[in-house]
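Visitor: I am new to this structure and would like to learn how to read it. Could you walk me through a few features, step by step?

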Amino acid sequence: DAAATADYVSAVTAQMAADGMGSVLKHFPGYGNNTDTHTGIAEDRRPVETFETSDFLPFEAGIQAGGGMTAVLVSHNIMTCVDDTLPASLSPAVHGLLRDALGFDGVVMTDDLAMDAVAAYAQDGAAAVMALKAGNDLVLTTDYRTQIPKVLEAVESGALAESVIDSACIRVLRWKSALGLLDKVTP
């Protein structure tokens, strides 16, 4: 039951925040009964109302209770009711939903971009560039040796605005500050 899950998420994230720990809510926008995105593409064909009355409830509860110490990890499921062409992790529309409808202004991160569900969508292997353009602040990938140079090339060529990187960096620094990590840095 989504309401019971939301209550649990609220209690856990509130306690983690009280104990000075960050948390990551996953897999936004909700996983449903979809197939494993490690091995292929998963399409979630449920209507947006199902997400609003069920899947979003734990995310909203965790965001509220986390007090700025909570991040959100976006899945590779295709949320067909919002964007039927891209996995959520690469979809500006899904990120807009998280930022606007749920009002989340914290750190958003991808699931591992080296998973099979993303490979078919990456232009010239630059999944990280697509992920940053979509609205992610942190890019998780076991393929970092390929992805870091692709991001640097995209910034240098102007294909990825430096302001996108700056905004992501600011959100990550705000999260680190909320977690008290920057207070521990000594010159």
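Visitor: How many salt bridges are there, and how do I recognise one?

Guide: Look for a side-chain nitrogen of Lys or Arg within 4 Å of a carboxyl oxygen of Asp or Glu. This is a predicted model, and by that rule it has five salt bridges. One of them joins Glu 43 and Arg 45, whose closest N and O atoms are 2.3 Å apart.

Visitor: Are Glu 43 and Arg 45 buried or exposed?

Guide: Exposed means over 50% relative accessible area, buried means under 20%, and partly exposed is in between. Glu 43 is partly exposed because its value is 36%, whereas Arg 45, at 61%, counts as exposed.

Visitor: Which side chain does Asp 137 meet in a salt bridge?

Guide: Asp 137 pairs with Arg 99, at 2.9 Å from N to O. Arg 99 sits in helix H3 and Asp 137 in the loop between helix H5 and H6, so this salt bridge ties together parts that are 38 residues apart in sequence. Both of these residues are buried. Asp 137 also meets the side chain of Arg 171 in a salt bridge, at 2.7 Å. That pair links distant parts of the chain too, since Arg 171 belongs to helix H7, 34 residues from Asp 137. Arg 171 is partly exposed at 21% relative accessibility, while Asp 137 has 7%.

Visitor: Which residues are linked in a network of salt bridges?

Guide: Asp 44, Arg 46 and Asp 55 are linked in this way.

Visitor: What about disulfides: how many are there?

Guide: A disulfide is a covalent bond between the sulfur atoms of two cysteines. Here the count is zero. You can still look at individual cysteines: Cys 81 is partly exposed at 34%, and Cys 169 is partly exposed at 39%.

Visitor: Which residues form a nonpolar patch on the surface?

Guide: Find Tyr 144, Ile 148 and Leu 152, which together have about 300 Å² of accessible area. Ile 148 lies in helix H6, which covers residues 144-157.

Visitor: Where is Ser 75, and what does it touch?

Guide: Go to the loop between strand S3 and strand S4. Ser 75 is buried there because its relative accessible area is 0%. Leaving aside residues up to four places away in sequence, Ser 75 touches His 27, Phe 28, Pro 29, Tyr 31, Ala 88 and Ser 89. You can also compare positions along the chain with positions in space: Ser 75 and Asp 111 are 36 residues apart, yet their C-alpha atoms are separated by 5.9 Å.

How values were computed. Residues are numbered from 1 along each chain as its sequence is written. This is a predicted model: local features need pLDDT of at least 70, side-chain atom pairs count only at pLDDT 80 or more; totals for chains, interfaces and linings use all residues. Side-chain values use heavy atoms; hydrogens and water are left out. A disulfide is a pair of cysteine sulfur atoms within 2.5 Å. Buried means under 20% relative accessible area, exposed over 50%, partly exposed in between (1.4 Å probe, protein chains only). Patches are made of residues with over 30% relative accessible area and no salt bridge: like charges are joined within 9 Å, nonpolar side chains (Val, Leu, Ile, Met, Phe, Trp, Tyr) within 5 Å. Accessible areas come from the Shrake-Rupley method with a 1.4 Å probe; for residues, only the protein chains shown count as cover. Helices (H or I, at least four residues) and strands (E, at least two) are DSSP runs, numbered from the N terminus. Contact means heavy atoms within 4.5 Å.
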